[in-house]
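Open your viewer, get the sequence panel ready and keep your selection tool at hand. We will go from stop to stop, and at each one you will hear what to select and what is there.

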Amino acid sequence: MSLSATQPDRPETTHATSSDSPLKVADRLISIDVYRGMVMFLMLAEGLHLYSLAQHFPGNFFLEWLRFHTTHVDWAGCSLHDLIQPGFTFLVGVAMPFSIAARIRKGDSRGRLLVHAVWRSLVLIAIGIVLRSLGQQRTNFTFEDTLTQIGLGYFFVVLIALAPRWLHYVSAIVILVLFWLAFAVSPPPPEDFDYPAVSVAADWPNHESGFASRWNKNSNVSWKVDQWFMNLFPRDDRFVDNEGGYSTLSFVPTAVTMLFGLIAGVWLLEPLSLRARSLRFMVAIVIGIGVGGLLDWAGICPLVKRIWTPSFTLYSGGICMLWLLMLHLVCDVGRFHRWAFPFIIIGANSIFIYVASWTVIEPLQEVMMTHFSGVFTALVGSTFAPVMASAAALAVMFYVLWWMYERRIFIKI
């Protein structure tokens, strides 16, 4: 990890502003910075607890919609909140071809690139474990959070990134097919499976039947692997299940999300015409959202973020592609990006924000409620006072990020 007093690695490319005439000079890809900032903002906004408002106003359509999109779905399906981790992971892949190209220009060999990839992988895994161990009596070895999932697959994605380009596509397809097959050929949970023993209610409404039951919560291949793998580490009690249904093995399809980002990054890096680049993105968007949704609808592969099923990988990857394409057209091609400056500030220190979301945000919220709850209650009422306190805490965090940005202080791995 390093503390940089200069601008972080800047994705640059010679992109096109018309259908057939790429620019001759390198331009900053503002879209990537804005995208990163939006993802991190959504992650920070979780602290606002907007989903709680629906409890106070039952039947309110807007607040129910807000609740749905600011929380994870129980199992199958996808909300905006479920797209935060894919978006973060996708952006790691998007930045990869720019980073590799910059290091090669500086004279780094492929061997040096791979050594750095190993280092980055280990640091990401270590940070994830440390954050998950906060408040614990001993190291909490767990590997299902965002940073450890990225860390487990990062080195392998770099290996693929250094390979011929056709291997980027083939690797993504092969990994998803093999991961699906691992579930498809496994026996389904028996009808008398003891779900309460693995933190799932027997009458839980999200149980699938038939072929799709192979992806049921805490009764699938990933859960079985974790029952072996997680018990290789020192624990107070034997690992039985993850209460949320998350799993270590999800890092495999998560690596494909990084590969989708890598592919998108290469398309942005290439001196393509706007028409050619947009066409590639549109094809990927249609395939990702269409095939992912179809697999879920047909019961061939449920769309489940918690175990990162292939259908979810495709679906979320398609949305990430759409998100990036729209920002590219608006910010890079249309040069309309003044509105996005707050997101650029937020995205400039993504690792700092991720760590702060685990360590600083909640204490800040408590400080605000302790000292200013009366003011907030007088202004917006007791129902909205906690939300306003959280917003005030986020405003403090934004000021810190702005201060760091103005002084060119960027923490990166």
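Leaving aside its neighbours within four places in sequence, which residues is Glu 144 in contact with? Select Glu 144 and look around it: the contacts are Gln 85, Arg 132, Gln 149, Asn 242, Tyr 246 and Ser 247. Glu 144 sits in the loop between helix 5 and helix 6. Its relative accessibility is 12%, so Glu 144 counts as buried, the cut-off being under 20%.

**Before going on: confidence**

Please keep in mind that this is a predicted model. Colour the chain by pLDDT: the mean is 90, and 93% of the residues reach 70 or more. Now select residues 1-10, where the pLDDT is below 50; this stretch has 27 contacts in the model beyond near neighbours in sequence. Residues 13-27 also have a pLDDT below 50, and that stretch has 45 such contacts beyond near neighbours in sequence.

**Stop 1: the second largest cavity**

Go back to Glu 144, which is one of the residues lining the second largest cavity. Add the rest of the lining to your selection: Gln 85, Gln 149, Tyr 246, Ser 247, Ser 250, Thr 254, Lys 305, Arg 306, Ile 307 and Trp 308. What volume does this cavity have? It is about 60 Å³. Colour the lining by class and you will find three nonpolar, five polar and three charged residues.

Stay with Trp 308 for a moment. This residue belongs to the loop between helix 10 and helix 11 (310-333). Buried or exposed, what would you say of Trp 308? Trp 308 counts as buried because its relative accessibility is 2%, under the 20% limit. Check its backbone too: phi is near 50°, a positive value in a residue other than glycine.

**Stop 2: the largest cavity**

How many cavities of 30 Å³ or more are there? The count comes to three, and the largest holds about 90 Å³ of space. To see its walls, select Met 96, Ser 99, Ile 100, Arg 103, Leu 113, His 116, Ala 117, Arg 120, Tyr 154 and Val 158. Helix 4 (84-105), helix 5 (110-132) and helix 6 (146-161) are the elements that give two or more residues to this lining. Six of the lining residues are nonpolar, two are polar and two are charged.

**Stop 3: the second largest pocket**

Next comes an open space. The second largest pocket contains about 840 Å³. It is lined by 25 residues, and those closest to its centre are Met 43, Glu 46, His 81, Ser 357 and Trp 358, so select these five. Which helices each supply at least two residues of the lining? They are helix 1 (30-45), helix 4, helix 13 (350-359) and helix 14 (361-380). By class, the lining has nine nonpolar, 10 polar and six charged residues.

**Stop 4: three loop residues**

Select His 49, in the loop between helix 1 and helix 2 (53-56). Its phi is near 55°, which is positive although the residue is not glycine. His 49 counts as partly exposed because its relative accessibility is 32%, between the limits of 20% and 50%.

Move on to Ser 273, in the loop between helix 9 (251-269) and helix 10 (274-297). A polar atom of the Ser 273 side chain lies 3.1 Å from the backbone nitrogen of Ala 276. With 17% relative accessibility, Ser 273 counts as buried.

Then pick Val 200, in the loop between helix 7 (165-184) and helix 8 (221-229). Val 200 has a relative accessible area of 3% and is buried. Leaving aside neighbours within four places in sequence, Val 200 is in contact with Tyr 195, His 207, Lys 217 and Asn 218. Try the distance tool on Val 200 and Asn 218: they are 18 residues apart in sequence, and their C-alpha atoms are 7.6 Å apart.

**Last stop: a long line across the model**

Finish with Arg 105 in helix 4. Arg 105 counts as exposed because its relative accessibility is 66%, over the 50% limit. Draw a line from its C-alpha atom to that of Pro 187, 82 residues away along the chain: how many Å separate the two? The separation is 51 Å.

Terms used. Residues numbered from 1 in each chain as written. Predicted model: local features only at pLDDT ≥ 70, side-chain atom pairs only at ≥ 80, totals over all residues. Heavy atoms only, no water. 1 Å grid on protein atoms, 1.4 Å probe; cavity = no way out; pocket = protein on both sides within 12 Å on 5 of 7 lines; lining within 4 Å. Points joined across faces, edges and corners; volume = space filled by probe spheres on them. Helix = DSSP H or I, 4+ residues; strand = E, 2+ residues; numbered from the N terminus. Nonpolar A, V, L, I, M, F, W, Y, C, P; charged D, E, K, R; others polar. Buried < 20%, exposed > 50% of the residue type's maximum accessible area, 1.4 Å probe, protein only. Polar contact = N/O pair within 3.5 Å; in protein donor to acceptor, adjacent residues only side chain to side chain. pLDDT = per-residue confidence, 0-100. Contact = heavy atoms within 4.5 Å.
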